[in-house]
Each structure stands twice: as C-alpha cells, then as structure tokens.
Amino acid sequence: MEKITVGVIGATGMVGQQYICLLENHPWFEVVCVAASQRCAGKPYREAVDGRWHMHGDIPAAVANLTVMDASDVDAVSGRCRFVFSAVGMGKQAVRELENRYAAGGTPVVSNNSAHRTTPDVPVLIPEVNAYHLDAIATQQANHDWDGGFVVVKPNCSVQSYLIPVHALATAGYPVRSLVVTMLQGLSGAGYPGVSALDIVDNIVPFISGEEEKSESEPLKIMGAVSGRGIAPMDNLTISAHCTRVPVLDGHSACVSMGFGDPKPGLEEIERIWREFTSVPQDLKLPSAPPRPIMISTVPDRPQPRKDRLAGKGMAITVGRLRPCNVLDYRFVGLSHNTIRGAAGGGILNAELLKARGLL
Ligand SMILES: NC(=O)c1ccc[n+]([C@@H]2O[C@H](COP(=O)([O-])OP(=O)(O)OC[C@H]3O[C@@H](n4cnc5c(N)ncnc54)[C@H](OP(=O)(O)O)[C@@H]3O)[C@@H](O)[C@H]2O)c1
C-alpha cells in the first residue's frame, strides 16, 4: 500500500519529536515534511533540534535531513503532504487561525493544541469513546465552506486516564453521574524546559494553570451528542478536578471517586466490564490501538508511573485500587502515558481512525 504523506507542524518541540519517533516505520503514514517557527525554518531537522532532542535513540534517518519549513507558509507545507499533525506552541488565537488556514486550503489538521477544543463543530476525539463525533466534520466543512480540509483535536493529556474507564461503564449501562478527580501529572506534560528543578525536586505543585477547567469541561464535550449544529456537551455528569504537578518524568495518574445514578454496578461487575472493554479502534484493527484499552492491575500498590506507563506500548490505561468510596460509590487509580496516549500517540490514533473511515 502506498503510504499517506504527512507533515508535522511544531516538529521540533516535545510533542513534535514524539510524533517523529512514533511515525518511524508507521504502516500507513510517512513523514515527508517538518515545520516549526521562523527561528528553525531553513535548517536541517537534526540541526534545528541539536541540544534539545529529548527522545530515546537517534533522530529517525528519514527525517534527520529534512529541511524545516516555516509552519506559517501554509501553501508550501500543504503542497507536500496529504494532512498535518499540529503541535505548535503558540497563543490560542494564533493556533486557531493557523489551523483554520490549513483546513481552508483543503488540508486536514489532526491537532494536539487546546485552541479548538471548545469550538462546537470541532470533534475532541478519543477513538474508544466518541468515534461517532466524526459526523461533526461535515457540519464544520459546511459552516466554513471548506472543501476537503477540517480540524480534529485530541483532549488534554490527562483526560483519558479516567474517561476511558468511565465511558466503558456507561456503555455497559452504568452511567457515572459524579466524578472527583485528583490528577498527579508528570513533568513532560509541561513541555521543555517545563518546571524548574528547584520548584519540583522534593516537592509537589498543587496548581497547573488552566488544567482543572479543561479536565472538568472536555469530558462533557467528548461524551456529548452530535447534531446538525455541532457537538452539545452532556449535561448529567458533574466533575470536580484537582490538578497537581509531581516529580515524575512521564505518566499522569488520576485518583478518582465516582458516583452512579441507578443502576449501580458491583465491584466484580466493574472489573469485568473494564477487562472485557474494547471499542472502535480495536474493531477496526487500527495499527496504534492497544489490544486492551484498559489494563487492570490487582497488585495493591499499582498502577505506578515508572512500572505501568508503557502498558500497550504507552497507549493503554492501567487501572487499579478499585474499592468502595465512603463519599461517592467507588474509587480507583487510573494511569496513562501523557506524551504517548496523551499526546502524539493519541493524535496518531485519531489519524488512523480518520483514514479507516475514508476521511484522509
Ligand atoms: N507536552 C505534552 O505532553 C502535551 C500534551 C498534549 C498537548 N500538548 C500541546 O501541544 C503543543 C506543543 O507542546 P510541546 O510540549 O511540544 O511544546 P514545545 O516543546 O514548546 O514545542 C513547541 C513547537 O511549536 C513551534 N512553534 C513555536 N512558536 C511557533 C510559531 N510562531 N510558529 C510556528 N511554530 C511555532 C516550536 O518551533 P521552534 O522550535 O522553531 O520554536 C516547536 O516546534 C502545545 O499546544 C501543548 O499545549 C502538549
């Protein structure tokens, strides 16, 4: 099969580098174009990331000598590839304008940025949860009069740690009505150089700007209904989130208490639902889909970031410590890899879903 050509905009950053590595030898996609700010434009990729290559191993040979393009030169970038992954570190308004320019030119954008997550006709995708939100793309294209181009985004890097387990219960007939979530978020979620060592060694920072708002609102849109006007957030789930930064390199842990309406499952029923849960990416056999999206650890002191973040090649969620809660019904700990499932891996899974559904 001839591979689909891909551009990565923001290719020199933390998430961009993860894309470059995860896409090496991808069976469907081939990186033919890398773009970043004007600071890097014109340099070979290996030179542009010299001294700030954060991945294990070398820069993939097929990308090392590509000349970095200016991401704002939309026509030139679009002329080289079928679609782009977007992971640019810019202000929200600037990101929205840039991604819209790509879409207007006919280039699909698979974004990691938060700028479009609240745009009603832009799907915020977790393919195991809301593949049906792809239906909003037709509305988006009609609203803008775009031909072929569109924008889809992935949610904040912490959301999947608790939303995939909660969604699995809802699809089995047990909708969760209240969630209290305390996030313990790894350092890589802040990008590079991120939090100063003097702030985080021997410490926990109990505030991450903007994260609680995203953790409380994005799940409602992800589980919302699609109509001809876009996506309406669900209105019968209440979330209280507390987001902290902890001295862990990769991995976002969620300590979760959940309350059900009626009916309420038993503990063994919850475990069975999680163990058996599969969804659209597994049915479609998408290359990056973990065979089991939810892994259950019954060891009392797991999941732990260092030991469990690479479950399912970094694409699975590990849950553990499921037990009754004295305030809501049950509590558990969910863990996922924030720069794989929570960033580039999640974006690639979104693109695989788009390709499988004939949208690329
Ligand atoms: N880190 C995570 O775990 C994570 C998870 C999910 C989502 N995200 C989101 O993904 C995006 C990138 O995050 P990151 O951690 O990779 O940031 P980063 O390491 O700071 O990288 C930012 C990238 O954006 C490029 N850039 C900056 N200003 C630009 C401009 N004016 N025009 C074009 N390109 C520009 C940079 O290029 P230069 O090298 O030329 O400056 C670089 O390639 C952010 O929106 C972030 O919120 C991050």
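**Figure 1. A look at the one cavity in this predicted model.** The count of cavities of 30 Å³ or more comes to one. Its volume is about 50 Å³. Around this space you'll find L125, I126, P127, K154, P155, Q160, R341, G346 and N350. Helix α14 (residues 340-356) supplies the largest share of that lining, with three residues. By type, the cavity lining splits into four nonpolar, three polar and two charged residues.

**Figure 2. Into the largest pocket.** This view opens onto about 1,200 Å³ of space. A total of 49 residues line the largest pocket, and to get your bearings, look for V15, A87, V88, G89 and N113, which lie nearest its centre. Several helices take part here: α1 (14-22), α5 (92-104), α10 (211-222) and α14 each bring at least two residues to the lining. As for the kinds of residue around the largest pocket, 17 are nonpolar, 22 are polar and 10 are charged.

**Figure 3. The second largest pocket.** Here the volume is about 620 Å³. The lining is made up of 20 residues, with H54, H56, S188, L249 and D250 closest to the centre. Helix α1 shows up again, and this time α1 gives the most to the lining, with three residues. Sorted by type, the residues around the second largest pocket are 10 nonpolar, eight polar and two charged.

**Figure 4. Two phenylalanines meeting edge-to-face.** Eight aromatic pairs turn up in the model. One of them joins F29 and F83, whose ring centres sit 5.3 Å apart with 75° between the planes, an edge-to-face arrangement. The two partners come from distant parts of the chain: F29 belongs to strand β2 (residues 29-36) and F83 to strand β4 (residues 83-86), 54 residues apart. Are these two rings buried or exposed? F29 counts as buried because its relative accessibility is 1%, and F83 is buried too, at 0%.

**Figure 5. A tyrosine and a tryptophan side by side in the view.** Y45 and W53 make another edge-to-face aromatic pair, with 6.3 Å from centre to centre and 85° between the planes. Y45 has a relative accessibility of 0%, so this tyrosine counts as buried.

**Figure 6. A cluster of rings, and a lysine over one of them.** Zoom out from the F29 and F83 pair and you'll see that both belong to one aromatic cluster, together with Y19, W28 and F85. Now focus on W28: K355 lies over the face of this ring, at 4.5 Å from the ring centre.

**Figure 7. Cysteines without a disulfide.** How many disulfides does the structure hold? Zero. A disulfide is a covalent bond between the sulfur atoms of two cysteines, and the cut-off used for one here is 2.5 Å between the sulfurs. Take C81: the closest cysteine sulfur belongs to C33, but it is 4.9 Å away, so the gap is too far for a bond. C81 counts as buried, at 8% relative accessibility. Then there's C255, where the closest cysteine sulfur is in C325, 12 Å away, so a bond is out of reach there too. C255 is partly exposed, with a relative accessible area of 34%.

How values were computed: Residues are numbered from 1 along each chain as its sequence is written. This is a predicted model: local features need pLDDT of at least 70, side-chain atom pairs count only at pLDDT 80 or more; totals for chains, interfaces and linings use all residues. Side-chain values use heavy atoms; hydrogens and water are left out. Buried means under 20% relative accessible area, exposed over 50%, partly exposed in between (1.4 Å probe, protein chains only). On a 1 Å grid over the protein atoms alone, a cavity is a set of points where a 1.4 Å probe fits but cannot get out, and a pocket is an open set with protein on both sides within 12 Å along at least five of seven lines; lining residues have an atom within 4 Å of a point. Grid points are joined across faces, edges and corners, and a volume is the space filled by probe spheres set on the points. Helices (H or I, at least four residues) and strands (E, at least two) are DSSP runs, numbered from the N terminus. Ala, Val, Leu, Ile, Met, Phe, Trp, Tyr, Cys and Pro count as nonpolar, Asp, Glu, Lys and Arg as charged, and the others, Gly among them, as polar. Rings of Phe, Tyr and Trp (its six-membered ring) pair if their centres lie within 6.5 Å; planes under 30 degrees apart count as stacked, over 60 as edge-to-face and the rest as tilted. A charge sits over a ring if NZ of Lys or CZ of Arg is within 6 Å of the ring centre and within 35 degrees of the ring normal.
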